[in-house]
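These are my notebook entries on the structure shown below. I set out to look up its disulfides, its helix packing and a few single residues.

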Amino acid sequence: MWSNISAAPFLLTGFPGLEKAHYWISIPFFAVYFSVLLGNGTLLYLIKDDHSLHEPMYYFLAMLAGTDLMVTLTTMPTVMGVLWLNHREINQGICFFQAYFIHSLSSIESGVLLAMAYDRFIAICTPLRYKSILTNSRVMKVGLGILTRGFLSLVPPIMPLYFFPYCRSHILSHAFCLHQDVMKLACADITFNRVYPVVLVALTFFLDALIIVFSYVLIFKKVMGIASGEELAKALNTCVSHISCVLVFYISAIGLTFIHRFGKHVPHVVHITMSYFYFLFPPFMNPIIYSIKTKQIQRSIVGLFSVHNRA
């Protein structure tokens, strides 16, 4: 009996109680997904095409845009499938694979934001050594390290999911697969799967956030020693975009954590909405923030449109 139940597909969930409104709910979701793909895709194209953007700061921005694109492409098919077609069934193997990518990419995004803080620290605190420290090969090594940390660190909690028996309800609480959702359906000892993510979050997200805060303390200490008000404003302006992206990412993560930990009496739809907010808001906002706050990106966008107009 267990083997038959265990092999059954999982069932994804959209917005419980609002199934009749799924089609209308899908309209803003599709608009956000389209904006995320367009915004981050445009950033990647500009950084690749414009030689003036071939600098460490923009390479890290390309990593951020690429990560945001991957997160979106990982969740979009199942979310839109549920909202548009009411297609709820998902194969277990595909579900575990999706969960692995979702959580890995979240870790990678945190790592990229940390690398961008390091980039700003070097640029402001040791500007004369900036190009000698952040060479192309070193940027590639940092990027490879971030990817390795993100993808390897999620193997231990995801692998057991393939071997657990699933004899309880197969209904998941979101329109995509999350590790914490799937493990609760297992009829097995899930102690490791409960403890490991807590340790992982402490050693990645929490530690990354602490290092980012510490790096900005050093940056502001350095900047306050600059005599000229114009130089001070210029130095701070290069950090505004990154600080905004950091706040968007970590405030979304903290909000989701608080809702899950302390929102037991909060309606379930609020939990679901916060999850979508966490996975969609940073990828949606990051291109907007950098387009508004970074003059080089603005010039590249203007240049892109002027080229197309001439053509």
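**Entry 1. The link of Cys95 and Cys177**

Is the link of Cys95 and Cys177 left-handed or right-handed? I read -120 degrees about the S-S bond, and the link is left-handed. I note at the outset that the model is predicted. The two sulfur atoms of Cys95 and Cys177 are 2.0 Å apart, and a disulfide joins them. I then looked up where the two partners sit. Cys95 belongs to helix α4, residues 92–125, while Cys177 is in the loop between α7 (155–158) and α8 (179–183), so the disulfide ties together parts that lie 82 residues apart in sequence. I checked burial as well: both Cys95 and Cys177 are buried.

**Entry 2. The link of Cys167 and Cys187**

How many disulfides does a search of the whole structure find? The search returns 2 disulfides. Besides the pair in my previous entry, I recorded a disulfide joining Cys167 to Cys187, with an S to S distance of 1.6 Å. About its S-S bond the torsion is about -105 degrees, so this disulfide is left-handed. The pair links distant parts of the chain, 20 residues apart: Cys167 is in the loop between α7 and α8, and Cys187 is in the loop between α8 and α9 (191–223).

I looked up the accessibility of each partner. Cys167 has a relative accessible area of 24% and is therefore partly exposed. Cys187, at 16%, is buried, because the cut-off for burial is under 20%.

I also wrote down the pairing. With the bonded cysteines of the protein chain numbered in sequence order, it reads 1-3, 2-4.

**Entry 3. Cys239 and Cys245**

Why does Cys239 form no bond with the closest cysteine sulfur? That sulfur belongs to Cys125 and is 8.9 Å from the sulfur of Cys239, which is too far for a bond; the limit for a disulfide is 2.5 Å. Cys239 counts as buried, since its relative accessibility is 1%. Cys245 is in no disulfide either. For Cys245 the nearest cysteine sulfur is that of Cys239, 12 Å away. I find Cys245 buried, with a relative accessible area of 1%.

**Entry 4. Helices α3 and α6**

I turned next to helix packing. Two packed helices are described by the angle between their axes and the distance between the axes. For helix α3 (residues 56–85) and helix α6 (residues 136–153), the axes come within 10 Å and cross at roughly 25 degrees. That angle makes α3 roughly parallel to α6, as angles under 35 degrees count as such. The crossing of α3 and α6 is right-handed.

Which residues make the contact? From α3 I listed Pro56, Tyr59, Phe60 and Met63, and from α6 Asn136, Val139, Val142 and Gly143. Sorted by type, the residues of this contact of α3 with α6 are 6 nonpolar and 2 polar, with no charged residue.

**Entry 5. Helices α2 and α3**

I looked up a second packing of α3, with helix α2 (residues 22–49): the axes are 9 Å apart and the angle is about 155 degrees. The two helices α2 and α3 are therefore roughly antiparallel, the cut-off being over 145 degrees. The crossing in which α2 passes α3 is left-handed. I recorded 22 nonpolar, 7 polar and 1 charged among the residues of the contact of α2 with α3.

**Entry 6. Single residues**

What is the sign of phi at Asn86? Asn86 has a positive phi of about 55 degrees, although Asn86 is not a glycine. Most residues other than glycine have a negative phi. I placed Asn86 in the loop between α3 and β2 (89–90).

I found Met159 in the loop between α7 and α8. Its relative accessible area is 40%, so Met159 is partly exposed. From Met159 to Phe206 I noted 24 Å in space, C-alpha to C-alpha, and 47 residues in sequence.

Ala202 lies in helix α9. With a relative accessible area of 37%, Ala202 is partly exposed. I closed the entry with the separation of Ala202 and Gly17: their C-alpha atoms are 36 Å apart, and these positions lie 185 residues apart along the chain when counted as a sequence separation.

Terms used: Residues are numbered from 1 along each chain as its sequence is written. This is a predicted model: local features need pLDDT of at least 70, side-chain atom pairs count only at pLDDT 80 or more; totals for chains, interfaces and linings use all residues. Side-chain values use heavy atoms; hydrogens and water are left out. Axes are lines fitted to C-alpha atoms, for helices over the stretch in contact, and angles run from 0 to 180 degrees between N-to-C directions. Helices (H or I, at least four residues) and strands (E, at least two) are DSSP runs, numbered from the N terminus. Angles under 35 degrees count as roughly parallel, over 145 as roughly antiparallel, 65 to 115 as roughly perpendicular and the rest as oblique. A crossing is left-handed if the near helix is turned anticlockwise from the far one by less than a right angle, and right-handed if clockwise. Contact means heavy atoms within 4.5 Å. Ala, Val, Leu, Ile, Met, Phe, Trp, Tyr, Cys and Pro count as nonpolar, Asp, Glu, Lys and Arg as charged, and the others, Gly among them, as polar. Buried means under 20% relative accessible area, exposed over 50%, partly exposed in between (1.4 Å probe, protein chains only).
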